[in-house]
Amino acid sequence: MKNLAKVITAIVLMYTAWSCEPETCSDPVPSMKYTSFRPISADSFELVYEFKDCDGDIGLDQSETNPPYDTGSKYYYNLLIDLYYLENGEWLKYEYPEGSPGLNDRISRLKEDDGDALLEGEIIKKIDESAFNPSLDTVKFSAVLVDRALNESNAAESEVYVLELD
């Protein structure tokens with residue numbers, strides 16, 4: 001009976017040790033997942049995303065403006081968000097004026113070095129009605145995260161929202 005107790009204790013200890021190992025991954029392409037939409041005032045809201053990047057190279061310093069991160073490049077911004085609106089039963093992509101960043105954003109560097117450390121977190125993007133035509137009422141969003149190696153995450157698409165902005 002003592003031996004059975006020792007075996008069970010050993011199995012529990014091994015299971016505990018294995019389950020406490022840090023998570024590792026090897027995919028250099030970041031991944032994103034839409035998690036929520038949060039109204040924060042009568043005319044603004046937040047989109048919340050979770051992200052994961054195995055090599056931890058998310059974010060750009062403000063001084064990183066040489067190609068491919070120059071202001072005229074798609075990659076000046078590393079959070080790319082498209083807005084879609086429903087019109088006559090069809091989803092259309094909202095087109096911003098030439099030169100406008102639209103909903104895109106530039107996320108600051110999250111780690112100093114580009115070591116092989118797993119990086120996970122939450123991105124909260126605040127949006128107010130001045131960011132698009134307030135007459136749009138049924139919308140959805142699609143976001144892509146780009147790392148410094150220009151790997152683009154999957155597109156994380158939000159649910160459909162009927163906005164009631166003032």
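Two strands count as paired here if DSSP finds at least two bridges between them. Keep that in mind for the views below, which come from a predicted model.

**View 1. Strand β3 and its hairpin partner, β4.** With four bridges between them, β3 and β4 (residues 90-93) clear the bar for pairing, and they do so in the antiparallel sense. Look for Tyr84, which sits opposite Lys93 of β4. Two residues separate the strands of this hairpin, and Asn88 adopts a positive phi near 55° there.

**View 2. Strand β3 alongside β6.** These two run antiparallel as well, joined by seven bridges. Tyr85 faces Val139 of β6 across the pairing. Val139 also touches Leu83, Tyr84 and Trp91, plus a stretch further along that includes Glu159, Val160, Tyr161 and Leu163.

**View 3. The largest nonpolar core.** It's made of 26 residues, and Val139 turns up again among those with the most contacts inside it, together with Met32, Tyr49, Leu83, Ile123, Phe132 and Phe141. The strands β1 (31-41), β2 (44-53), β3 (79-87), β5 (119-128) and β6 (138-145) each give two or more residues to this core. Another core, of six residues, lies apart from it, with Leu60, Tyr75, Leu80 and Val146 among its members.

**View 4. The largest cavity.** Searching the whole structure turns up one cavity of 30 Å³ or more, and the volume of the largest is about 50 Å³. Its lining includes Leu60, Tyr75 and Val146, along with Gly59, Asn78, Asp147 and Arg148. By type, the lining residues split into six nonpolar, two polar and two charged.

Definitions and conventions. Residues numbered from 1 in each chain as written. Predicted model: local features only at pLDDT ≥ 70, side-chain atom pairs only at ≥ 80, totals over all residues. Heavy atoms only, no water. Core = buried A, V, L, I, M, F, W, Y, C linked by side-chain atoms within 4.5 Å. Buried < 20%, exposed > 50% of the residue type's maximum accessible area, 1.4 Å probe, protein only. Contact = heavy atoms within 4.5 Å. 1 Å grid on protein atoms, 1.4 Å probe; cavity = no way out; pocket = protein on both sides within 12 Å on 5 of 7 lines; lining within 4 Å. Points joined across faces, edges and corners; volume = space filled by probe spheres on them. Nonpolar A, V, L, I, M, F, W, Y, C, P; charged D, E, K, R; others polar. Lists of a residue's contacts leave out its neighbours within four places in sequence.
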